[in-house]
Amino acid sequence: MLYSLVLSGSTAWGGTWTVGPQGDFATVQEAVDAARPGDVIDVAAGRHPLHANISKELTLRGQGVDQTRLVASDVTGSSALTIDSVLPVTVSDLTLDGAGTHRPVAATYATVVLAHVAFENGPDVAHGGHLHVEGGHLTLRDVDFTTSPSVLTGGHLYAEGAVVTLEETRFSGGEASVTGGSLQLVDSTAEVRRSHFEGGRADNGGALGAQDSDVVVEDCTFVRNEADDVSGYGGYGGAMSVRGGSLRLLGGRLADNVSEVGGGALELTLTWSSRIQQTVFERNSSSSDGGAVFAVGNLDLQVWRNRFVSNRATSTGGTLLLGAEGTFDVAGNHLCDSDARDGGAVAINDWSGSLTGTLRNNIFHDVVATQSGASVLGWGTSVTTVSQNTFVASQGPQALFFAEEAGGTLSNNVVVSHVGGPVLWAFSEGAVWASWNLYWDASELFGGAAFESEAMVEDPQFVDDGPCGSFRTNPEGPTVDGGDPTVLDDDGTIADLGAYGGPGASLLHDLDEDGVIEGDCDPFDGTRSAAADCEEAAGPPETSEDPGSAGQSTAAAPRSWFCGPTGPPAGFVGLLVLFGARRQRFGLRHGEASVC
């Protein structure tokens with residue numbers, strides 16, 4: 001008899017219990033109470049009351065999101081299902097319904113996996129209308145959040161001090177009065193992949209808000225999210241607001257997002273080593289600054305190989321606004337059809353300290369400023385290296401405008417068809433050093449204190465000059481090997497002029513047009529891209545003649561790309577003090593953001 005009980009599926013460790021009219025138990029809580037660690041609770045199709053606490057390793061499984069619905073009922077606390085097990089709790093294949101009165105799920109220092117789950121009808125609470133997580137680990141796979149309540153932070157999901165992984169998760173209609181219309185992260189580490197955010201709304205971070213968190217967002221879409229300024233302290237980051245910590249935005253698309261103050265798509269403030277790479281930004285807008293991105297006080301910010309199309313700002317930085325103290329590298333991007341009053345494409349506005357960086361290997365096309373700097377505006381004391389860019393069809397009083405003490409170096413650029421005034425204008429004598437640039441179809445080259453002694457004036461002979469085109473040039477034209485002879489292309493020849501020349505260009509553009517950039521074993525030969533192609537052509541590696549190293553290969557080691565400094569430069573911490581006068585404008589409270 002004892003032997004048979006141990007083998008019984010409903011009593012043995014790892015057994016299965018059923019909930020439903022014909023099941024072992026009538027309610028989820030009854031099944032949870034009876035289950036042993038590692039058991040599975042199967043919930044039948046239909047509508048079931050939910051008021052349960054799970055503090056052991058369990059799997060709660062329905063028959064599908066359109067078959068099994070757990071509805072908050074007779075709940076005494078704020079959440080219908082609470083989880084506090086450090087061992088994994090898995091909830092799958094069902095809908096969690098808060099009935100408009102209770103948050104469906106709260107987890108405290110727990111390990112939780114939610115897969116093939118839908119959340120609906122959460123209540124108006126402070127943080128996390130559908131899911132609140134404090135500490136622990138949270139994993140979401142194929143989860144839908146809809147019908148968000150109105151909360152303070154994290155319209156659908158709030159996580160603090162947690163490790164969060166989201167895959168193929170969809171957020172719709174989230175709303176928060178402060179930050180994170182759909183998702184709010186505080187002091188957390190998060191990876192968000194292949195997920196969709198739409199129709200979120202908050203004062204800051206219409207879809208996603210992050211404070212002092214390290215966040216990876218990969219291959220996600222953010223569409224029609226909004227950061228308004230109802231409180232008077234918001235309006236930043238139509239899709240995302242990230243303050244402190246770091247962001248890795250890799251791939252995906254941000255479109256038709258809106259902010260009232262800064263960053264139509266994205267706000268980055270006081271982050272360390274953030275990366276924005278291979279992402280499409282289109283038709284985002286700000287009623288003030290940074291039509292696509294508003295970035296202030298960021299150390300080692302990389303903006304690489306993105307496509308910015310039709311972004312707008314009413315005031316400054318039609319595509320990008322880079323401000324305050326910090327360092328940046330904006331490289332290999334395509335910026336077209338953008339406009340603003342000042343800085344139609346990029347505004348570099350240093351109002352509080354030392355802001356330095358590079359603009360290199362970018363293509364600017366069809367950008368407009370009504371007041372200053374159609375392509376680039378430098379302001380304050382910012383110092384920018386502008387090299388190896390292609391500027392085409394800009395319109396405004398100047399193409400590149402450096403005001404006050406702003407300056408830097410301009411070299412190996414191609415500037416074509418600027419309308420409205422001089423191509424280059426500098427306020428301070430000697431602040432801008434220009435050399436080895438090619439100009440064409442411009443009525444006036446220099447204004448103010450700007451000057452270039454040996455400016456080249458010649459048709460660059462573009463072979464692709466359509467709307468938002470690539471603007472490659474004739475291989476027999478003047479841009480090939482036409483740059484500063486002390487600067488070399490990656491193939492060892494003198495640098496070509498424009499976006500496709502200079503050191504590092506092969507890491508940013510598909511120079512041989514074979515469809516491969518990363519991992520291209522020969523970026524200058526379109527017939528070879530895979531490693532095997534190059535190995536076959538090269539034959540076996542040569543060996544050293546030195547007897548002491550017999551058999552060792554002398555093949556060159558693979559090149560690495562230096563991604564930035566290894567620590568904060570001196571004086572950066574001073575930004576926290578200098579930034580204080582503007583903290584109220586950004587909606588930051590004392591201690592809200594950290595440096596690194």
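**Disulfides, core and cavity**

Modeller: Let's start with one link: the torsion about the S-S bond of C521 and C534 is about 75°, so this disulfide is right-handed. The pair joins parts 13 residues apart in sequence, because C521 lies in the loop between strand 52 and helix 3, while C534 lies in helix 3. Helices (H or I, at least four residues) and strands (E, at least two) are DSSP runs numbered from the N terminus. This is a predicted model, in which local features need pLDDT of at least 70 and side-chain atom pairs count only at pLDDT 80 or more, while totals for chains, interfaces and linings use all residues. Residues are numbered from 1 along each chain as its sequence is written, and side-chain values use heavy atoms, with hydrogens and water left out.

Biologist: What makes C521 and C534 a disulfide?

Modeller: The term needs a pair of cysteine sulfur atoms within 2.5 Å. In C521 and C534 the sulfur atoms are 1.8 Å apart, so the pair fits the rule.

Biologist: How many disulfides does that rule give?

Modeller: The count is two disulfides. The other one joins C336 and C468, with sulfur atoms 1.9 Å apart. C336 sits in strand 38 (residues 334–342) and C468 in the loop between strand 52 (456–457) and helix 3 (531–538), so this link ties together parts 132 residues apart in sequence. The C336 and C468 link is right-handed, with 85° about the S-S bond. With the bonded cysteines numbered in sequence order, the pairing reads 1-2, 3-4.

Biologist: Which label fits C468, buried or exposed?

Modeller: Buried means under 20% relative accessible area, exposed over 50%, and partly exposed in between (1.4 Å probe, protein chains only). C468 has 18% relative accessibility, so it counts as buried. C336, at 1%, is buried too. In the other pair, C534 is buried at 15%, whereas C521, at 29%, is partly exposed.

Biologist: Which residues touch the most other members of the largest nonpolar core?

Modeller: Among its 101 residues, they are L131, V217, F222 and L400. A nonpolar core is a set of buried Ala, Val, Leu, Ile, Met, Phe, Trp, Tyr and Cys residues joined through side-chain atoms within 4.5 Å. Leaving out residues up to four places away in sequence, L131 touches ten residues by name, R103, V105, L114, F119, L138, L140, F145, H156, L157 and Y158; contact means heavy atoms within 4.5 Å.

Biologist: What makes a space a cavity, and how many of 30 Å³ or more are there?

Modeller: On a 1 Å grid over the protein atoms alone, a cavity is a set of points where a 1.4 Å probe fits but cannot get out, and lining residues have an atom within 4 Å of a point. The search finds one of that size. The largest cavity holds about 50 Å³, a volume being the space filled by probe spheres set on the points, which are joined across faces, edges and corners.

Biologist: Which strand gives the most to that lining?

Modeller: Strand 37 does, with three residues. Strand 32 (293–296), strand 36 (320–323) and strand 37 (326–331) each supply at least two. The lining includes A295, L322 and F328.

Methods. 1 Å grid on protein atoms, 1.4 Å probe; cavity = no way out; pocket = protein on both sides within 12 Å on 5 of 7 lines; lining within 4 Å.
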